[in-house]
Amino acid sequence: MSGPCDPAELRSLFLFEKLDDDQLARLCRDGHIENLDVGKVFAEGEPATCFYVLIDGEIALRKLSGGEEIETTRSSHRGSYAGAWSAYLGDNVDQNYKTSMYVTKPA
């Protein structure tokens, strides 16, 4: 389920607090708010297509080590982010997810 993006809500997050109105409008035009249930959102090694910013809920990031997923981060902090964060580097870097992301409380 997804919904409309609110520039004022984005501005309340540390990641976007310095953006001007045009930049926030572009984020809202190109993105959306998505409600996620508990479970895996993306897996390490899959093509990185989305950048996620937490508004509410809790996420956990896990990294493969010796064939097992090891939790490296768990956060309920507003503004925590994961996903395709290196997309701005273009073809200079591998564009696959570096970790797996799980929603541990509806987000």
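Setting aside neighbours within four places in sequence, Tyr102 is in contact with Gly39, Lys40, Val41, Glu58, Ile59, Ala60, Arg62 and Glu69. This is a predicted model, and Tyr102 is a convenient place to enter it. Tyr102 is found in strand β8. Because its relative accessible area is 13%, and buried means under 20%, Tyr102 counts as buried. One of its contacts is polar: the side chain of Tyr102 meets the side chain of Glu69 at 2.6 Å. Tyr102 can also be placed relative to a residue far away in sequence. Leu36 is 66 residues apart from Tyr102 along the chain, and the C-alpha atoms of the two are separated by 9.7 Å.

Strand β8 also holds Ser100. Is Ser100 buried or exposed? Its relative accessible area is 1%, so Ser100 is buried. Leaving out neighbours within four places in sequence, the residues in contact with Ser100 are Phe42, Ala43, Glu44, Ala60, Leu61, Arg62 and Glu69. A polar atom of the Ser100 side chain lies 2.9 Å from the backbone nitrogen of Glu44.

That leads to Glu44, which is found in the loop between β3 (39-42) and β4. Glu44 has a relative accessibility of 21%, and so it counts as partly exposed; the limit for buried is under 20%. Apart from neighbours within four places in sequence, Glu44 is in contact with Arg62, Lys63, Leu64, Tyr97, Lys98, Thr99 and Ser100. With Lys63 there is a polar contact between side chains, at 3.1 Å. Glu44 and Met101 are 57 residues apart in sequence, while their C-alpha atoms are 8.1 Å apart in space.

The next step is the pairing of strands. Which way do β5 and β8 run relative to each other, parallel or antiparallel? They run antiparallel and are joined by five bridges. Within β8, Ser100 is the bridge partner of Arg62. Arg62 is also among the residues in contact with Ser100.

Strand β5 (residues 58-65) has another partner in strand β6 (residues 68-75), and this pair is antiparallel too, with seven bridges. Two individual pairs help to locate the strands against each other. Ala60 has Arg74 as its bridge partner in β6, and Lys63 has Ile70 as its bridge partner in that strand. The hairpin of β5 and β6 has two residues between the strands, and Gly66 takes a positive phi near 60° there.

Two residues of β6 can be compared in their surroundings. Ile70 lies in this strand. With a relative accessible area of 43%, Ile70 is partly exposed. Beyond its neighbours within four places in sequence, Ile70 is in contact with Leu61, Arg62, Lys63 and Ser65. The C-alpha atoms of Ile70 and Thr99 are separated by 9.8 Å, and the two residues are 29 residues apart along the chain.

Ser75 lies in β6 as well. Its relative accessible area is 14%, and therefore Ser75 is buried. Where does the side chain of Ser75 reach a backbone nitrogen? It reaches that of His77, at 3.0 Å. The side chain of Ser75 also makes a polar contact of 2.7 Å with the side chain of Ser80. Ser80 appears again when contacts are listed without the neighbours within four places in sequence: Ser75 is in contact with Leu54, Gly57, Glu58, Ile59 and Ser80.

The last feature is the largest pocket, which holds about 850 Å³ of space. It is lined by 25 residues, and those closest to its centre are Gly31, His32, Phe51, Tyr52 and Val53. Four elements give two or more residues to the lining: α2 (21-30), β2 (33-34), β4 (51-53) and β8 (100-105). Which element gives the largest share of the lining? The largest share comes from α2, with four residues. By residue class, the lining divides into 17 nonpolar, four polar and four charged residues. Strand β8, where this account began with Tyr102, is thus also one of the elements that contribute to the pocket lining.

Definitions and conventions
Residues are numbered from 1 along each chain as its sequence is written. This is a predicted model: local features need pLDDT of at least 70, side-chain atom pairs count only at pLDDT 80 or more; totals for chains, interfaces and linings use all residues. Side-chain values use heavy atoms; hydrogens and water are left out. Two strands pair if DSSP finds at least two bridges between them. On a 1 Å grid over the protein atoms alone, a cavity is a set of points where a 1.4 Å probe fits but cannot get out, and a pocket is an open set with protein on both sides within 12 Å along at least five of seven lines; lining residues have an atom within 4 Å of a point. Grid points are joined across faces, edges and corners, and a volume is the space filled by probe spheres set on the points. Ala, Val, Leu, Ile, Met, Phe, Trp, Tyr, Cys and Pro count as nonpolar, Asp, Glu, Lys and Arg as charged, and the others, Gly among them, as polar. Buried means under 20% relative accessible area, exposed over 50%, partly exposed in between (1.4 Å probe, protein chains only). A polar contact is a pair of N or O atoms within 3.5 Å; within protein, one must be able to donate a hydrogen and the other to accept it, and residues adjacent in sequence count only if both atoms are side-chain atoms. Contact means heavy atoms within 4.5 Å.
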